[in-house]
Amino acid sequence: MRILLVCVSGLTTSMLAKKMRIYNEENNLNNIVTATKVFDFDAYLEFSDVILVAPQAMMYSKIIEDKSKEKNIPVLYLSEDDLVFMKIENIFQSLDTLGKTDVGVIEKVELSVHLVFEITKDAFIRCSSILVIGLIAIICDIIKTTEYIDVLYKSTFGIIGIIYAFSIGFTYGEKVKSQIFVNGLLTLTSVFIMNPIIHAFINPNLISITLNNQYLFSSIILLMDLIPVTFVSLLTIFFSEKIEKYIMIHIPDTSYSYFYEPMIKYGIVFLFFSILRFLFEIFL
């Protein structure tokens with residue numbers, strides 16, 4: 001099998017290609033592995049049986065898929081985990097599965113209502129262990145107040161909104177096989193910018209009337225904050241996906257694409273939510 005690894009700069013996939021060649025020799029496999037940059041990959045299509053796309057090159061997925069379809073070459077998207085930790089065996093298992101299926105191109109996962117539900121559900125599950133520890137701290141405080149409860153509470157319920165915001169972006173990156181930490185950072189930044197507006201939607205007086213325990217009161221407020229946090233995080237995902245598609249179509253590829261494209265995406269998202277916060281503060 002002739003395997004073509006496609007990355008934005010070609011540096012990461014060059015290291016992966018070397019590891020894959022070693023794996024070939026150790027396991028007596030008859031594979032030819034080549035690594036190239038995304039804006040050079042079409043020159044290798046004639047000599048490829050399958051294309052492996054790195055997470056950094058996901059924004060070029062439409063271009064890669066369109067050109068690959070012309071040659072009837074299947075496309076497989078590498079997970080960030082497999083690429084970063086060089087999980088060669090996992091990659092070859094994916095290739096084996098591909099060889100047993102009659103597919104032309106494996107499509108990139110698109111944002112949908114079902115995907116949004118899956119993202120929010122999985123992100124909440126990621127945070128569940130923190131919520132359980134925080135709940136134990138509150139129960140302990142109700143039974144007997146100690147000085148250590150405050151530290152435990154602040155490290156669980158006190159930061160749950162931050163962790164949940166990052167988890168939504170991180171989970172989205174996993175689902176669509178995009179850059180997980182970049183997406184996590186985007187949603188986290190948006191929530192930080194909109195934080196005063198998020199808190200403005202909750203009226204603490206409605207809860208403080210019936211609750212005497214300060215930690216239980218604060219926990220309910222913070223859990224209610226997760227609703228606007230979810231909305232802001234999902235809006236960030238939707239907006240950043242639109243930016244990514246625009247960049248892919250309108251901004252020409254250069255050897256510096258891998259550097260300036262994430263910067264453009266991050267900058268526009270930052271500016272958008274900064275303006276949105278400014279407008280909220282004026283009119284509310």
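Me: Let's start with a definition: buried means under 20% relative accessible area, exposed means over 50%, and partly exposed is in between (1.4 Å probe, protein chains only). Which of these does Lys 37 count as: buried, partly exposed or exposed?

Reply: This is a predicted model, in which local features need pLDDT of at least 70 and side-chain atom pairs count only at pLDDT 80 or more, while totals for chains, interfaces and linings use all residues. Residues are numbered from 1 along each chain as its sequence is written, and side-chain values use heavy atoms, with hydrogens and water left out. Lys 37 has 28% relative accessibility, so it counts as partly exposed.

Me: Which residue forms a salt bridge with Lys 37?

Reply: A salt bridge needs a side-chain nitrogen of Lys or Arg within 4 Å of a carboxyl oxygen of Asp or Glu. For Lys 37, the closest N and O atoms of the pair are 3.9 Å apart. The partner, at 31% relative accessibility, counts as partly exposed. That partner is Asp 40.

Me: How far apart along helix H2, in turns, are Lys 62 and Asp 66?

Reply: Helices (H or I, at least four residues) and strands (E, at least two) are DSSP runs, numbered from the N terminus. Lys 62 and Asp 66 form a salt bridge, with their closest N and O atoms 3.0 Å apart. Because they are 4 residues apart in H2, the separation is about one helical turn.

Me: Within what arc do the buried residues of H2 fall?

Reply: H2 covers residues 61-71, and its buried residues are Ser 61, Ile 64, Glu 65 and Ser 68. The arc is that of the directions from the helix axis to the C-beta atoms. Seen down that axis, these residues line one face of the helix, because they fall within an arc of 95°.

Me: How many bridges link strand S1 to strand S2?

Reply: In S1 (residues 2-7), 5 of the 6 residues are buried, so the strand is largely enclosed by the rest of the structure. Two strands pair if DSSP finds at least two bridges between them. Leu 5 stands opposite Ala 35 in S2. S1 and S2 (residues 32-37) are parallel, and their bridges number 6.

Me: Which helix gives the most to the largest nonpolar core?

Reply: A nonpolar core is a set of buried Ala, Val, Leu, Ile, Met, Phe, Trp, Tyr and Cys residues joined through side-chain atoms within 4.5 Å. The largest one has 29 residues, and Tyr 164 and Ile 168 have the most contacts inside it. With 7 residues, the top contributor to this core is H5.
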